[in-house]
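Reader: Please take me closely through one helix-to-helix packing in this model, and then set it in its surroundings. I would like each term explained as you reach it.

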Amino acid sequence: MQRGTPTALFGSKAETLEQLAPLVRRARVLPLRYFSVTEWRTVPEKVLDDVLSRPWGNEPLIVRSSTRQEDDPGTLMPGSYLSVAGVAGRQELREAVDAVIDSYQRRIEEPVLDDLGEQLVLVQPMVRDATMTGVVFTCDPNTGAPYLVINYEENGDSAAVTSGARARLRTLYAWKTSGTGRGDARIQQLMELSRELEELLERNNLDIEFAFDVTGELYLLQVRPMVVETLLDNDEHEQALSAIASKLRTAGQPHPHLCGRRTVFGVMPDWNPAEIVGTRPRPLALSLYRRLITDGLWADQRARYGYRDVRGFPLMVDFFGLPYVGVRESCNSLVPASIDDDLAERLVDHYIDRLVANPELHDKVEFDVVFSCYSFTLQERLANQVEHLFSVQERDDIVSSLRALTNRLMDPEHPARREDLASITSLRAKLGEVRQSDLDLPTQIYWLLEDCRRFGTLAFAGFARLGFIATEILGSLVEIDVLTEEDVARLMASLDTVTNRMLRDRTTLTRAEFLRRYGFLRPGTYDIRSPRYDEEPDGYFDWPNARVNVQAPEPFRLPPKTMRQIDDLLRQHRLEQDAYGLLNFFITSIELRENSKFEFTRHLSEALALFTQLGKSVGMDTEEMSYVDVECIDGLYRGAENPARVLRRCAVEGRQRYELTRRLVLPPLITDPADVKSFHLPATEPNYVTQESATGRVELVTAHPADLQGKILMLPSGDPGYDWIFSEGVAGFVTRYGGANSHMAIRAHQFGIPAVIGAGEVLYNRWAAADYLKIDCLNHRVEVLR
């Protein structure tokens with residue numbers, strides 16, 4: 001056969017494989033027989049005879065769809081039709097062919113194929129003892145950037161890859177010019193096959209299905225063009241990756257003012273930028289989060305509460321717009337100030353080593369890696385994790401320091417706690433003072449953000465720390481069987497938080513009254529493009545229906561015997577509270593955390609509303625304003641430049657930077673500079689909240705509120721602005737990002753709604769693509785039902 005032109009090589013699945021079979025050197029194409037629907041309906045017995053008489057006819061077969069609509073770039077419908085595997089014998093083959101042809105006619109959401117008789121059916125032997133199956137995309141399917149993206153499953157189940165039915169699916173990203181499989185010979189073979197097919201087909205956007213057998217032989221099962229447009233000029237992209245790798249090498253060196261010999265970077269370990277602003281935030285959202293939280297306030301709060309002073313170090317860096325937390329800075333800030341430098345150094349090294357060895361813990365660092373407060377299981381955790389690293393005396397020093405710190409912070413008279421309570425109480429008055437002034441818009445925005453930072457987010461950071469300590473101690477009481485999960489659920493249901501009050505008000509207030517009280521909330525707290533409740537009320541609520549009737553919370557009580565048991569424990573562990581004081585600490589800490597978030601969010605939302613107003617005054621919409629860095633407001637406040645000129649310049653620069661941000665792909669945890677160009681997405685173990693289960697149709701958050709009742713809702717993040725979903729009767733929900741102590745985890749506990757928090761990219765995308773899911777939180781399972 002003569003080598004065909006690239007255009008001629010593409011046909012249906014069967015035709016493409018037939019033409020590639022004699023040309024491909026890096027893989028083997030299995031023998032095949034294909035036939036049209038007309039041929040099957042006219043002479044089915046002849047077709048069966050022909051297939052079964054072939055040398056491979058007695059082997060287990062796979063009958064596959066091969067319509068031209070599946071692989072044509074204009075009507076691409078991969079996976080739309082049936083394949084039947086493991087077919088043996090004449091009758092099974094007959095039934096399998098009929099089933100595949102029947103699938104051509106049964107699609108509801110796509111029109112029936114007009115030329116059904118000309119559509120093809122493909123029959124091949126199955127790969128024997130497949131050990132690795134999957135698909136390769138020769139560019140990023142989301143952006144067209146020149147990554148090799150390999151989705152694979154190592155149990156030999158190719159259906160698991162295309163259907164997303166299993167959690168064992170792995171995903172590798174590799175920059176094409178990196179040229180390395182990082183020690184895996186099979187990955188290296190796939191890279192070489194991808195380059196060969198790109199040359200043969202003269203396309204750099206291919207979708208390749210493959211399998212390896214037990215001998216290590218690679219089989220090409222399918223290749224089709226991808227719809228995504230590839231990018232032609234990638235020099236800037238490659239330069240950015242090299243610059244990030246260089247930054248990682250320098251940032252990983254020892255620092256004279258920090259403990260720890262190295263560092264790593266993650267999107268979730270502390271203050272969760274992935275959850276709050278997303279992995280690719282627009283410049284305005286990213287700069288606001290940096291201003292209000294991660295530049296300095298985070299460290300100031302922890303120093304005030306008795307932790308190691310790391311003021312001057314930003315917590316969050318961004319790699320060309322992708323936000324990452326410096327884990328060394330985070331770990332330093334959670335070491336009690338009373339621990340000496342030598343022990344602190346080794347403790348931080350242990351934390352980072354443990355995270356690198358267990359990357360699946362990247363969103364559970366404060367629970368499963370760091371010791372940041374005293375709990376009833378602290379000594380057991382220390383013994384399990386660091387017995388071989390620290391002496392008995394050193395472990396005692398760690399315990400004593402954490403006990404002393406925790407005792408101070410549980411005291412309601414702690415000076416920093418009193419200051420935080422006074423600050424958050426004064427915040428609403430400060431909002432009125434600024435908004436009622438005659439200050440120009442840039443000045444009002446500047447001072448709203450300054451007040452939000454000094455009196456809002458600083459206090460919230462303190463209450464969030466107390467809320468974490470409360471959750472940690474509460475969880476330890478469950479671990480030692482003093483409390484049950486049901487007790488915790490009752491305690492969470494007893495909380496009187498803003499969301500609880502909002503849901504009650506939803507049934508008692510008029511629409512206008514409700515929006516006056518809660519209208520400033522928005523799902524994307526830092527995103528100017530996210531409408532407030534009062535800007536699109538019909539998009540968030542099904543007026544006038546209220547699907548959830550929330551009663552006032554009942555006080556939480558424990559039996560006297562349990563209270564006495566807790567009193568005994570507190571004395572044994574030398575914690576300076578009685579049982580009533582400890583329960584009060586649990587309740588007030590978690591309530592203050594949630595309620596203070598509501599107050600500072602009001603300030604931020606008003607600032608974003610003024611950003612919108614400022615943009616309109618110079619002819620810019622919220623889309624354009626989302627590319628503006630908050631430092632532009634600083635310049636307008638300090639100087640006398642023309643606002644329109646400054647904002648437009650900032651927006652143009654921000655949009656240009658964001659184009660690169662949009663195309664970059666990095667792992668959620670970066671442990672080595674080499675990770676920048678080649679990495680696996682980690683296998684994430686999500687956080688399962690409550691012990692309940694729910695089954696329902698999958699719905700995205702963009703759906704109308706009236707369509708959410710009884711659905712499994714998919715949320716991109718755990719932003720507090722999504723509190724409105726609890727009034728719409730959702731059966732359960734899944735978030736892409738979030739930790740066990742995040743806002744939506746607290747909410748799910750409070751309302752007894754089964755939730756999967758922090759599913760990660762791979763699982764979230766798989767579950768979001770399903771029709772029906774079952775969430776079983778008790779057994780830590782999510783099952784794709786359809």
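Author: Contact here means heavy atoms within 4.5 Å, and helices (H or I, at least four residues) and strands (E, at least two) are DSSP runs numbered from the N terminus. This is a predicted model, in which local features need pLDDT of at least 70 and side-chain atom pairs pLDDT 80 or more, while totals for chains, interfaces and linings use all residues. Residues are numbered from 1 along each chain as its sequence is written, and side-chain values use heavy atoms, without hydrogens or water.

The packing to look at is that of helix H17, which covers residues 392-410, against helix H19, which covers residues 441-479. Their axes (lines fitted to C-alpha atoms over the stretch in contact, with angles from 0 to 180 degrees between N-to-C directions) come within 11 Å and cross at roughly 115 degrees. On the H17 side, the residues that take part are Thr406, Leu409 and Met410, and on the H19 side they meet Leu466, Ile469 and Ile473. Sorted by class, this contact of H17 with H19 holds five nonpolar residues, one polar residue and no charged residues; Leu, Ile and Met count as nonpolar, and Asp, Glu, Lys and Arg as charged, whereas residues outside the nonpolar and charged lists count as polar.

Following the chain onward from H19, one comes to aspartate 481, which sits in the loop between H19 and helix H20 (485-493). Aspartate 481 has a positive phi of about 65 degrees, although it is not a glycine. Most residues other than glycine have a negative phi. Aspartate 481 counts as exposed because its relative accessibility is 66%, where exposed means over 50% relative accessible area, buried under 20% and partly exposed in between, with a 1.4 Å probe and protein chains only.

Phenylalanine 320 is also not a glycine, and it has a positive phi of about 55 degrees. Its place is the loop between strand E11 (316-319) and strand E12 (322-326), and with 37% relative accessibility phenylalanine 320 counts as partly exposed. Threonine 131 lies in another loop, the one that runs between strand E4 (120-125) and strand E5 (132-137), and at 26% relative accessibility threonine 131 counts as partly exposed. Computed along the sequence, threonine 131 and glutamate 153 are 22 residues apart, while in space their C-alpha atoms are 8.3 Å apart.

Beyond these loops, the structure holds one disulfide, that is, a pair of cysteine sulfur atoms within 2.5 Å. Cysteine 632 and cysteine 650 form this disulfide, with their sulfur atoms 1.8 Å apart. The torsion about their S-S bond is about -110 degrees, so the disulfide is left-handed. The pair links distant parts of the chain, 18 residues apart, with cysteine 632 in helix H27 (residues 631-638) and cysteine 650 in helix H28 (residues 643-663). Cysteine 632 counts as buried at 8% relative accessibility, and cysteine 650 counts as buried at 12%. Cysteine 373, at 3% relative accessibility, is buried, and so is cysteine 139, with a relative accessible area of 1%.

For the chain as a whole, the secondary structure comes to 30 helices and 21 strands, and buried residues make up 58% of the 786 residues. Among contacts between residues at least 6 apart in sequence, 69% join residues at least 24 apart.
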